[in-house]
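Please open the model in your viewer and keep the selection panel at hand. The stops below are meant to be taken in order, with a selection to make at each one.

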There are 2 protein chains.
Amino acid sequence: MKDNDRKFDILYSIIRDYIKTAEPVGSRTIEKKYNIGISSATIRNEMADLEEMGYLVQPYTSAGRIPSDKAYRLYVDRFMKKVDVDSYIKEDVRNLYRQYFGELEEVMNKTAQILTKLTNLTSLVSTPNISGLNIKDIHLIHIEDERVLLVVITEQRIVKSAEIRLSGIPTDEMLEHVANFLNLSIKDMMTEFRASDFASRVDALTPGEQKIVGEVVNTIKLIFNSEEDNRVISNGVTEIFRYPEFRNDMDRTKRFLEAIHRKDLLSYLFSTVQDDSVSVRIGEENGMEELSNCSVISATYKINGRPVGTIGVVGPTRMDYDYCVSVIETLTNELTNHLDETIGGGK
Amino acid sequence: MKDNDRKFDILYSIIRDYIKTAEPVGSRTIEKKYNIGISSATIRNEMADLEEMGYLVQPYTSAGRIPSDKAYRLYVDRFMKKVDVDSYIKEDVRNLYRQYFGELEEVMNKTAQILTKLTNLTSLVSTPNISGLNIKDIHLIHIEDERVLLVVITEQRIVKSAEIRLSGIPTDEMLEHVANFLNLSIKDMMTEFRASDFASRVDALTPGEQKIVGEVVNTIKLIFNSEEDNRVISNGVTEIFRYPEFRNDMDRTKRFLEAIHRKDLLSYLFSTVQDDSVSVRIGEENGMEELSNCSVISATYKINGRPVGTIGVVGPTRMDYDYCVSVIETLTNELTNHLDETIGGGK
DNA sequence: GTTAGCACTCACCGTGCATGAGTGCTAACA
DNA sequence: TGTTAGCACTCATGCACGGTGAGTGCTAAC
């Protein structure tokens, strides 16, 4: 209905203005800055309606209005426009990635830095989760005495290593036997499993070697399930000082910074992201009262089409959703492409 | 001289009181809370002297006095007492370490956590610098195509790995030749070098293998010199909100947090720590105006008697120097012992 | 040399008042 | 019937003012 169109035009203007200024928006501001073509008195009436509908909030009786979480939700669902994140930025990103093939840690750090640079928000990047990936290759390297380095390569060519402390000192020969056994057994699982083959290989191992197999398998389980391996890197946490609603409110800033430094909260935050498309969680939608004044925009990146991690930004609910969503979208794609080009493509 | 003794008794009381309360200290407070045995009027006179000598500062005409950096310096140099960091804490620390043998990253993180827990300050821990260590062993693992994982073990049994992208695709045989060559050459360097042996080994390599040698050596150089490998881990950055002089001053808090998140500043901060004993840098002494309201207490930890890294705390100049110095001292020793027990002892 | 006493300073806090941005309501207009 | 001008009203903000109290420096007496 035409009626509501005008209402939402006004709401749209208020949201845009508030995102820009962080100041409550009054009816005269709308009349002058956005030419809706009606007087401030009429706008006032509409604003009263919008407040009743739950889209606007008045901090105190004679102040302008502030958009509610519900208003931002409407904005994101209905009014958001795709922004063309300039192609030169894409070029820039590719150049940055180019030098960091393979070294996942570096790639993730760089991604977080770029995110912050582009959005002026705190960025979060989770390292790739490898728990669902298949193992291609196992290596055991003797460090000294009972210390052994385990190197695991997945079919996606992601390399993980961990130190194992065995209960006894192995010979190089024992380690070789164990590694061979494990590699063959893996191939076994991947193709057709023949119990007889497996049993004969196990029997060929000495009791000492069998014990080592157990210890190695335990460590592999640990590597593939530890949350250490799906941890969240943050960047630009002090960007929050840019925003007056935080800069003038020590308590709010304190709560934000304390939350952002709690790795468990960040993991939780990302654990609930959907697999597909960009997720926008506004205010209380993120389910964490520590970040109730904040919105989170995030998306998952993939390796070989399989979602393995999440990147995102956190900032005041008053953030530029159009731009940030586009940035996240673009960067997720770039990251996915980059990973597929460098470590993906395992047959 | 007896005269000065009384002056410094007063100064000592003022410092202790200010460390505890963060409020300017007046003459009557000293008279009542610390029984020096003289009246407030006399104390006032002494305080005026101490101000003239540069030990005290008056924020405004009719306020109490605050110790200057110079006062803290005197305090640390002359009045500081060793605190017995309770033995149960030591036991606690050892228990925590016990489960993290070998995994350097974890040990360093844990150390930072303990430091913060004990001191309620932001803690900094630099990862061990391996640039001066000798290589014991080199392994090359083929990941796929031209990607190779290089694993280096030092004589101290520190394990480092890095991915190399070669300019061509090597065979497993080539990698074996190269690894053998490098391992033999290392042993060569360590004992007596015979040019003829070396030359004959080089000649036994194909041109392709020699090229790989070059690429591997470059990467080794990178590993052993990159500052990535001497980076600084921080913990408890939001502890700063405990302290009223920060909690009531957004600007100061902002500057502190921005500095603490700049890895380059932290590296710089630690690059100037002396090798021996605990270093205390008060206020401007740390040479960074970003942290001019802060003091830094730090000490180096060692592996096999060789200093390889630094641990420390940063906080308001008004910190409990006695306690913090003792904590740092104890923890440095514990860390050094732990490292020697687990990864040290390489013959 | 020490101390009591006193005048003085100044941050801090509460109060009162003017200002102005913004509202809601009413009545007139198209 | 929707729109608008006008007006009374609200309330945060900023500022001036005065009282309070913690603390000082100085002086004079002990």
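Begin by selecting Arg6(B) together with DNA strand C, where a polar side-chain atom of Arg6(B) lies 2.7 Å from a phosphate oxygen of the strand. Please keep in mind throughout that this is a predicted model, and that each distance given here is computed from it.

**Around DNA strand C**

Stay with DNA strand C and add Ser62(B) to the selection, where an N or O atom in the side chain of Ser62(B) is 2.8 Å from a base oxygen of the strand. Next pick Ala63(A), which takes part through its backbone, since one of its backbone N or O atoms lies 3.4 Å from a sugar or linking oxygen of DNA strand C.

Now widen the view to the 20 residues around DNA strand C, of which Ser27(A), Arg65(A), Thr42(B), Thr61(B) and Ser62(B) come nearest. Which parts of DNA strand C make up its atoms within 4 Å of the protein? Sugar or phosphate accounts for 76% of those atoms, and the rest belong to bases.

If you colour the helices, you will find that α3 of chain A and α3 of chain B each supply at least two residues of the surface near DNA strand C, with the largest share, four residues, coming from α3(B). Colouring the residues of this surface by type divides them into five nonpolar, eleven polar and four charged.

**Around DNA strand D**

Move on to DNA strand D, which 20 residues surround, the closest being Arg6(A), Thr61(A), Ser62(A), Ser27(B) and Arg65(B). Of the atoms of DNA strand D that come within 4 Å of the protein, sugar and phosphate account for 75%.

Three of these residues are worth selecting one after another. A polar side-chain atom of Arg6(A) lies 2.6 Å from a phosphate oxygen of DNA strand D, a polar side-chain atom of Thr61(A) likewise lies 2.6 Å from a phosphate oxygen of the strand, and from the other chain a polar side-chain atom of Ser27(B) lies 2.6 Å from a phosphate oxygen of DNA strand D. The elements that give two or more residues to the surface near DNA strand D are α3 (40–52) of chain A and α3 (40–52) of chain B, and here the largest share, four residues, comes from α3(A). By type, the residues of this surface divide into five nonpolar, eleven polar and four charged.

**The second largest pocket**

Leave the DNA and select His139(A), Leu140(A), Ile141(A), His139(B) and Leu140(B), which lie nearest the centre of the second largest pocket, among the 24 residues that line it. Both chains take part in this lining, where the elements giving two or more residues are β4 (135–144) and α7 (172–190) of chain A together with β4 (135–144) and α7 (172–190) of chain B. The pocket has a volume of about 900 Å³, and its lining residues divide into ten nonpolar, eight polar and six charged.

**How the two chains are related**

For the last stop, show chains A and B as whole chains and ask what turn lays chain A on chain B. A turn of 180° with a shift of 0.0 Å along the axis does so, with an RMSD of 0.1 Å, which means that the relation is that of a two-fold axis. To find the axis from within chain A, select Met250(A), whose C-alpha is the one in that chain nearest the axis, 3.4 Å from it. The same surface serves both copies, as 100% of the contact residues of chain A recur in chain B.

Notes: Residues numbered from 1 in each chain as written. Chains lettered and ligands numbered in written order. Predicted model: local features only at pLDDT ≥ 70, side-chain atom pairs only at ≥ 80, totals over all residues. Heavy atoms only, no water. Near = heavy atom within 4 Å. Polar contact = N/O pair within 3.5 Å; in protein donor to acceptor, adjacent residues only side chain to side chain. Nonpolar A, V, L, I, M, F, W, Y, C, P; charged D, E, K, R; others polar. 1 Å grid on protein atoms, 1.4 Å probe; cavity = no way out; pocket = protein on both sides within 12 Å on 5 of 7 lines; lining within 4 Å. Points joined across faces, edges and corners; volume = space filled by probe spheres on them. Least-squares fit on C-alpha atoms with pLDDT ≥ 70 in both. Contact = heavy atoms within 4.5 Å.
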